[in-house]
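Colleague: I should like to learn how to read the features of a protein model. May we work through one together?

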Amino acid sequence: MTTTNESEQSSAPFDEADTADTAEATETETDAVEVDAVTEVDETATGDEVESATTSSKADDRLAELENEGDIAADYLEALLDIADLDGDIDMDVEGDRAMVAIVGDNLNQLVGSNGKVLDALQELTRLSVTQQTGDRSRLMLDVAGFRAARRQELTDLGSAACDRAKDDGQAVKLDPMTPFERKIVHDAVAAAGLKSESEGDEPNRFVVVIP
């Protein structure tokens, strides 16, 4: 009995030490797992930050490209105004994925023409000037004396009125032929009113149909 008790007593410290070592090892492993988890989270966060920085950098690069388009167009148009002996200020902006350039001033109707036909031709010439210098196709929009801004509002009102007619009559409404730029404005107005629209016909007689 005495031997048994001594054996039990001598084994007790060993068991406690073993238990302590096991607990310490488990705690160490747990800490290691936590460190790995934190590291993984940090790596993920770093990846997101890199992706965000890359996206931001691309957006900044694109903005710089569009601003450069505006600068090139402004130089071209200023030279044109000098040749034509016309007074006008050049305004530049960026809207969406387009450079926006406007000639502001009085007595500029000759640069607009009937239904904006001269303006459309001048816009194409300005785009070509930009493309020659950048090597990339330009989608720049040109306005003169607020013609396009006024036309935009007119077409927006036209699209809204066509939506009202379509709702009241329950029938599709066909509008007069328009340029792609004008049709886009009408499509946007129809979508804002909660209806659908589509273009039909062939250029230059392509037109918008508002569907109830």
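Modeller: We shall take a helix, the nonpolar cores, a loop residue, the salt bridges and the strands in turn. Please keep in mind throughout that this is a predicted model.

Colleague: Let us begin with a helix. How many residues does helix H4 have, and what span does H4 reach?

Modeller: A helix may be judged by setting its span beside the value expected at 1.5 Å a residue. Helix H4 covers residues 180–192, which is 13 residues, and its first and last C-alpha atoms are 18 Å apart, close to the expected 18 Å. Just beyond the end of H4, glycine 194 adopts a positive phi of about 90 degrees.

Colleague: Which residues of H4 are buried?

Modeller: A residue is called buried when its relative accessible area is under 20%. In H4 this applies to Glu182, Arg183, Ile185, Val186, His187, Ala189 and Val190. Their packing partners are helix H3 (147–169), strand S5 (196–200) and strand S6 (207–211).

Colleague: Next, the interior. Which residues have the most contacts inside the largest nonpolar core?

Modeller: A nonpolar core is a set of buried nonpolar residues joined through their side chains. The largest one here contains 19 residues, and Ile103, Leu111 and Leu142 have the most contacts inside it. At least two residues of this core come from each of helix H1 (2–84), strand S2 (98–104), helix H2 (117–134) and strand S3 (141–144). H1 gives the largest share, five residues. Another core, of 13 residues, lies apart from this one and includes Ala162, Cys163, Leu195 and Val208.

Colleague: What does isoleucine 103 contact, leaving aside its neighbours within four places in sequence?

Modeller: With those neighbours set aside, the contacts of isoleucine 103 include Leu77, Leu81, Ile90, Leu108, Leu111, Leu142 and Val144. Gly88, Asp89, Asp143 and Ala145 are also among them.

Colleague: Let us turn to a polar residue. Is serine 138 buried or exposed?

Modeller: Serine 138 has a relative accessible area of 4%, so it counts as buried. This residue is found in the loop between H2 and S3. Its side chain makes a polar contact, at 3.0 Å, with the side chain of glutamate 69. Not counting residues up to four places away in sequence, serine 138 touches Glu69, Arg127, Val130 and Thr131.

Colleague: How should I read the charged side chains?

Modeller: Side chains of opposite charge can pair when their charged atoms come close. In this model the count is eight salt bridges. One of them joins arginine 62 to aspartate 97, with the closest N and O atoms 2.8 Å apart.

Colleague: Why does the pair of arginine 62 and aspartate 97 tie together parts that are apart in sequence?

Modeller: The reason is that arginine 62 belongs to helix H1, whereas aspartate 97 belongs to the loop between strand S1 (89–95) and S2, so the parts tied together are 35 residues apart in sequence. Arginine 62 is partly exposed at 30% relative accessible area, and aspartate 97 is partly exposed at 39%.

Colleague: Where do glutamate 124 and arginine 127 lie?

Modeller: Both are in helix H2, three residues apart, about one turn of the helix. They form a salt bridge whose closest N and O atoms are 3.2 Å apart. Glutamate 124 is partly exposed, at 40% relative accessibility, while arginine 127 is buried, at 14%.

Colleague: Which residue meets arginine 151 in a salt bridge?

Modeller: The partner is glutamate 182, at 2.9 Å from N to O. Arginine 151 lies in helix H3 and glutamate 182 in helix H4, so this pair ties together parts 31 residues apart in sequence. Glutamate 182 is buried, with 12% relative accessibility. Shared partners also link salt bridges into a network that joins Arg62, Glu65 and Asp97.

Colleague: Finally, the strands. In what sense do S1 and S2 pair?

Modeller: In a regular strand the side chains alternate between the two faces of the sheet. S1 and S2 pair in the antiparallel sense, over seven bridges. Isoleucine 90 has isoleucine 103 in S2 as its bridge partner. The two strands form a hairpin with two residues between them, and glycine 96 in the turn has a positive phi of about 65 degrees.

Colleague: In what order do the strands of the open sheet lie?

Modeller: The order of its three strands is S4-S6-S5, with antiparallel pairing. Strand S4 (173–174) and S5 are the edge strands, each pairing on one side only. S4 and S6 are joined by two bridges, and valine 173 has valine 210 in S6 as its bridge partner.

Definitions and conventions: Residues numbered from 1 in each chain as written. Predicted model: local features only at pLDDT ≥ 70, side-chain atom pairs only at ≥ 80, totals over all residues. Heavy atoms only, no water. Helix = DSSP H or I, 4+ residues; strand = E, 2+ residues; numbered from the N terminus. Expected span 1.5 Å × (residues − 1). Buried < 20%, exposed > 50% of the residue type's maximum accessible area, 1.4 Å probe, protein only. Contact = heavy atoms within 4.5 Å. Core = buried A, V, L, I, M, F, W, Y, C linked by side-chain atoms within 4.5 Å. Polar contact = N/O pair within 3.5 Å; in protein donor to acceptor, adjacent residues only side chain to side chain. Salt bridge = Lys/Arg side-chain N within 4 Å of Asp/Glu carboxyl O. Pairing = 2+ DSSP bridges.
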